[in-house]
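Let's take a walk through this protein together. Have the sequence and the 3D view open, and look for each part as it comes up.

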Amino acid sequence: MDKFEHFNANALFTDFYELTMAQGYYKENINHKVVFDMFFRKSPFNGGFAIFAGAHTLLDIISEFKFKSEDIDFLRSQMIFDDDFLDYLRDFKFGGDIYMVDEGSVVFPDEPLLRIHANLIEAQIIEGIVLNTLNFQSLIATKTARIWLAAKGAPIMEFGLRRAQGFDGAMSASRAAYIGGSAGTSNTLASKIYGIPTMGTMAHSWVMSFSSELEAFRAYAKIYPQNSVFLIDTYDTLRSGIKNAIIVGGELVKKGYNFGVRLDSGDISYLAKEVRRELDKAGFFGAKISVSNELTEEIISTLVASNVPIDSWGVGTHMVTGGSESSFAGVYKLCAKSDETNCIKPTMKFSDNPFKMTNPGVKNAYRLYDENDMAIADILTLDSEIIETNIQYRFYHPMMDYRQFSCKPAKVEPLLKQCFSNGKRVTPRLSDKCVLIQSRTTMQTGLASLDESYKRLLNPHIYKVSLSQNLRNLKAKFIEENIR
């Protein structure tokens, strides 16, 4: 946290009503133990999965979470908070337990990604930070993973700094995009902070700043002979750009270097084929072609399926903003609270829309695998339950009780792992670079365990997220009592 000032590290980075509710709880002496779940209801981009990101950022923020003197002064100036509550905030520190799935995990709707055990005021005050951090980074990591899958292993580069939603949006997007599969970033500060490889070529302004395109390419090659990628569409891609790139590229090859070219406009399919033809005709079979310009996973998938000769992809706007999807639909809901005897009891949110009803109680989540290490389903259970291998189970759809399936898992993976205990971090604080490499590997391993039908860009198969029989019975009991 000392290396980079997150805007959302400030304790005032919360919705105002969280603080007014907190004062209400404080004055009414309602601060019992509660359990909150964070989950999402729908996969973004009409996809079949999401990638969980932002976990370590959140843990860093909560570790340092406190109200500074100037924060207390600002709240006092609002003329709504009493001195005794402000004194409480002055000494505030999160003291609860946190359970989360591993950052980079492939995740699905309705399963808890984070579970917080805390006093009511604590859990309420951090809600905004939890949702802001996890929702945005999960959106960008998911978008990038879709682009990564579409590219079929070719490197994708994140070029979105200038299109991101502000300073912090750009930094968080670079971080999340690397987890989701980008090979590097144009964001130099993100490289410094997070250890992400830097990538970049030249802009059209470089080419236009010289008296000729050929002179611009030669100057660049002279300064950066080991990293020369020529932007060939400033004037005319086929009549001048590729021809000048071949001249300068030939001079580099004679000195023992290689080179590449980049397309940033026009009919990418047609131009890439023509450029490849010109490069091969000149004998430069090792010269790489990179493309950019408003690329999406759908465009990349179409070009890859058509065998267009493109070696790497630069993606900016649609990667770092979420493109067609403006937000990740994560929510934070109360699922259990203590009673008068200090016993934790399940609770449940009801709605006229049955898909907005929550699953009650303190829950765990397990991923089931077959004998080939392929994921079969994710199962939500009560905290007291354990799912074991080689035992036949029956599981239930969260909303449609008649939808059931039986399974004897060959492998079972618990998804929620404890990160905080009594306000102290129990997982080691790794370097940002190690965290991102680890999270990126988790993403790749998770996607490899999914059948291709769940990863389709269009009309993906719906992955099963089901309830254990005990959780299903508890939910049914709540519904029956509420109907009465």
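Aromatic rings give us plenty to look at: this predicted model has 22 aromatic pairs. Take Trp 206 and Phe 210 to begin with. Their ring centres are 4.9 Å apart and their planes meet at 50°, so the pair counts as tilted. Are these two residues buried or exposed? Trp 206 is partly exposed, at 25% relative accessibility, and Phe 210 is partly exposed too, at 23%.

Now find Phe 230 and Phe 259. Here the ring centres lie 6.2 Å apart with the planes at 40°, so this pair is tilted as well. Phe 230 sits in strand S8 (residues 229-231), while Phe 259 is in the loop between helix H11 (237-254) and strand S9 (260-263), so the pair ties together parts that are 29 residues apart in sequence. Phe 230 is buried, with a relative accessibility of 0%, and Phe 259 is buried at 5%.

Rings can also join up into groups. One cluster linked by ring pairs is made of Phe 16, Tyr 26, Phe 65, Phe 67, Phe 81, Phe 85, Tyr 88 and Phe 92.

Next, the sheets. Strands S8 and S9 belong to an open sheet of 6 strands with parallel pairing, in the order S7-S6-S11-S10-S9-S8. Its edges are strand S7 (184-185) and S8, each of which pairs on one side only. Further in, S9 runs parallel to strand S10 (residues 288-291), and 4 bridges join them. Which residue in S10 is the bridge partner of Val 261? That would be Ile 289. Helix H12 (residues 268-281) lies across S9 and S10, at about 160° to S9.

There's another open sheet, with 7 strands and antiparallel pairing, ordered S13-S12-S1-S5-S3-S19-S20. Strand S13 (344-346) and strand S20 (424-425) stand at the edges with a single partner strand each, so one side of each has no neighbour in the sheet. Zoom in on strand S3 (residues 97-100) and strand S5 (residues 114-119): they run antiparallel and are joined by 4 bridges. Within that pairing, Asp 97 stands opposite His 117 in S5. Helix H6 (residues 127-150) lies across strand S1 (33-40), S5 and strand S12 (330-338), running at about 140° to S12.

Here are the two helices that we've met lying across strands:

| Helix | Lies across | Angle |
|---|---|---|
| H12 (residues 268-281) | S9 and S10 | about 160° to S9 |
| H6 (residues 127-150) | S1, S5 and S12 | about 140° to S12 |

For a single residue inside a helix, try Ser 172, which lies in helix H7 (residues 166-180). Ser 172 counts as buried, at 8% relative accessibility. Leaving aside residues up to four places away in sequence, Ser 172 touches Phe 136 and Gln 137.

What about cysteines? A disulfide is a covalent bond between the sulfur atoms of two cysteines. The count in this model is 0 disulfides. Why does Cys 419 have no bond with Cys 335? The sulfur of Cys 335 is the closest cysteine sulfur to that of Cys 419, but it is 16 Å away, which is too far for a bond. Cys 419 is buried at 8% relative accessibility, and Cys 407 is buried at 6%.

Finally, a record adds a label. In an unreviewed entry, UniProt lists residues 363-475 as "domain: Nicotinate phosphoribosyltransferase C-terminal". That span is 21% helix and 34% strand, and its end C-alpha atoms lie 12 Å apart.

Definitions and conventions:
Residues numbered from 1 in each chain as written. Predicted model: local features only at pLDDT ≥ 70, side-chain atom pairs only at ≥ 80, totals over all residues. Heavy atoms only, no water. Helix = DSSP H or I, 4+ residues; strand = E, 2+ residues; numbered from the N terminus. Buried < 20%, exposed > 50% of the residue type's maximum accessible area, 1.4 Å probe, protein only. Contact = heavy atoms within 4.5 Å. UniProt positions renumbered as here; feature names shortened; annotations may be inferred. Disulfide = S-S within 2.5 Å. Pairing = 2+ DSSP bridges. Axes fitted to C-alpha atoms, helices over the stretch in contact; angles between N-to-C directions. Phe/Tyr/Trp six-rings, centres within 6.5 Å; stacked < 30°, edge-to-face > 60°.
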